[in-house]
Amino acid sequence: MRTVKTLLLTASMFLIPGIANAAICQVDPAGAFGMPFATIDDAIALGGCGAVGSIIEVYCPLGGCVHPSATIAGLNDITVLSAELWGNGPVSFNNSYSPNALMIHNSTQIVVEGFDHFNANGRAIEIINSDAFVVGHPGIGRYTRTSGTTGVYVEGGSNVDLLYVAFVWNKTGLELQGFAGPLGPRVNATSIVALNNDRAIVSDGASGPVLDIRSDYGLAMHNYIMRNDEGIIAKGNSNVTVDHTLFAGNLRLLPGAPISPALLEVDGNADMTVRNALIYDNDAKPNPGVQLPWSAWSSPTACGGGPCTNTNGKILQHQSGGVVKIIASTIIDNQTDLVFNVDAAGSGQLIVDHTILAHNWGKVFSMSTWWPGCPPVQGIDSFFWDNRVDADPLACMPPGMGTWNPAPISGAMTPDLVPGFPGIPAPFTDLYWVTSFAPTSPYPLPGGLYLGPAWGVDGATPDSNPLDVGYHNPL
């Protein structure tokens, strides 16, 4: 499987048509150009573009057009491009003969680039036992959107790279399913958006699916998981890593949502690592939680003449036999009743490393199901400030946790109020600004705690350091 870096170089070759290869087929779904093939399936079956190294170009007039379902099965080294890459109209897919819009089965080195939207009654993109790379259109600053019961579904021994892909209005945005077998699916997701889904991401299976959500190199932007009923769910023997990601505006308890949702849920024997994350305003009250800290709203008359209360939900539900690590992150202004619920149903460890937990309206560490024992929870150079309850039971307070005022900025903007929200701006135009501060502290801090570079979500700051330690203030 080619690396993301190699695939980016490969994809950049296709910004103009007519590159010499085994076969080049031009597809004209709208019949606007008089080209020989109406569909990708026709190009493969009738045009010789099932041969190794083939390129299939899909053309639409400037107003755009829609391609029906397409299947790539049992093929090797096929590139499918939207001709919008060189100035034609946007190409979308709607399912037709299948509930799914695009199916890639038992194939290797499949590249799908530049398409606008995959929309389906079933799975927008289904990848089974295949190696594939799906990339949006960074040249004009746009994600490839996926909408259906599942946005992107990956199964079996697949190896998949996703770059500038958005999962919007799905029951499940991204799903990895590893059934019994020697290998589970491997997905590298970079600069992704999960928005308005019932569940943003689910990874499950005994064969050990691996999901790596990254965004800390090259031209990549950060990842956004926003306004989903639930966030990331890791089950079975899954191994999930989430890096440089903004979680905001989730767990709104919208009609039909679970009554006690989780932003991060870890079950079975799954492992999860979350690092360089900003987790804020995940609750059923877009305001006033991000405008002032919990203590300022705890008076008897602060909220409409009555006291302010938290809302059902958990930032982390840990009931796995595996390990969960929260590293170099900021968890602030969440009005959920629990932040970390460490459930005795699982025996796994929780490590909170160089992380700030500030202004949260519920219990930060909830460990009561373990009592009279205490769970294996470890803090490393991490700090509380102005949370409603830091630990319950207090006797189970994790070691390695301190108290420190990081001087967070008040008046932060809830994501629901961002102009254009919940629309998706271009990858190089952030949903809103986030910046990093090294604040003055009244408490002595470990040497070198804040020597990492700025988080740089505006795309201007290189993110070469995999641990950009810093306190991330939403503005």
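The following legends accompany an overall view and close-up views of a predicted model.

**Figure 1. Overall composition of the predicted protein model.** The protein comprises 475 residues, of which 58% count as buried. Its secondary structure consists of 2 helices and 38 strands. The exposed area of the protein amounts to about 16600 Å², and carbon and sulfur atoms supply 56% of this area. Where contacts link residues at least 6 apart in sequence, 75% of them join residues at least 24 apart.

**Figure 2. Close-up of Ser 82 in strand E5.** Strand E5 spans residues 76–82, and Ser 82 belongs to this strand. The relative accessible area of Ser 82 is 0%, and the residue is therefore classed as buried, the cut-off being under 20%. When neighbours within four places in sequence are set aside, the contacts of Ser 82 include Val 58, Gly 89 and Val 91. Ser 82 is likewise in contact with Glu 113, Gly 114 and Phe 115.

**Figure 3. Close-up of Ala 257 in the loop between strands E23 and E24.** Strand E23 covers residues 239–248 and strand E24 covers residues 262–266; Ala 257 is situated in the loop between them. Ala 257 counts as buried because its relative accessibility is 16%, with under 20% as the cut-off.

**Figure 4. Close-up of the pair Ala 257 and Arg 199.** Along the chain, Ala 257 and Arg 199 are 58 residues apart. In the model, a distance of 9.7 Å separates the C-alpha atoms of Ala 257 and Arg 199. The loop that holds Ala 257 in this view is the one between strand E23 and strand E24.

Conventions
Residues numbered from 1 in each chain as written. Predicted model: local features only at pLDDT ≥ 70, side-chain atom pairs only at ≥ 80, totals over all residues. Heavy atoms only, no water. Helix = DSSP H or I, 4+ residues; strand = E, 2+ residues; numbered from the N terminus. Buried < 20%, exposed > 50% of the residue type's maximum accessible area, 1.4 Å probe, protein only. Contact = heavy atoms within 4.5 Å. Areas by Shrake-Rupley, 256 points an atom, 1.4 Å probe, with all protein chains shown as cover.
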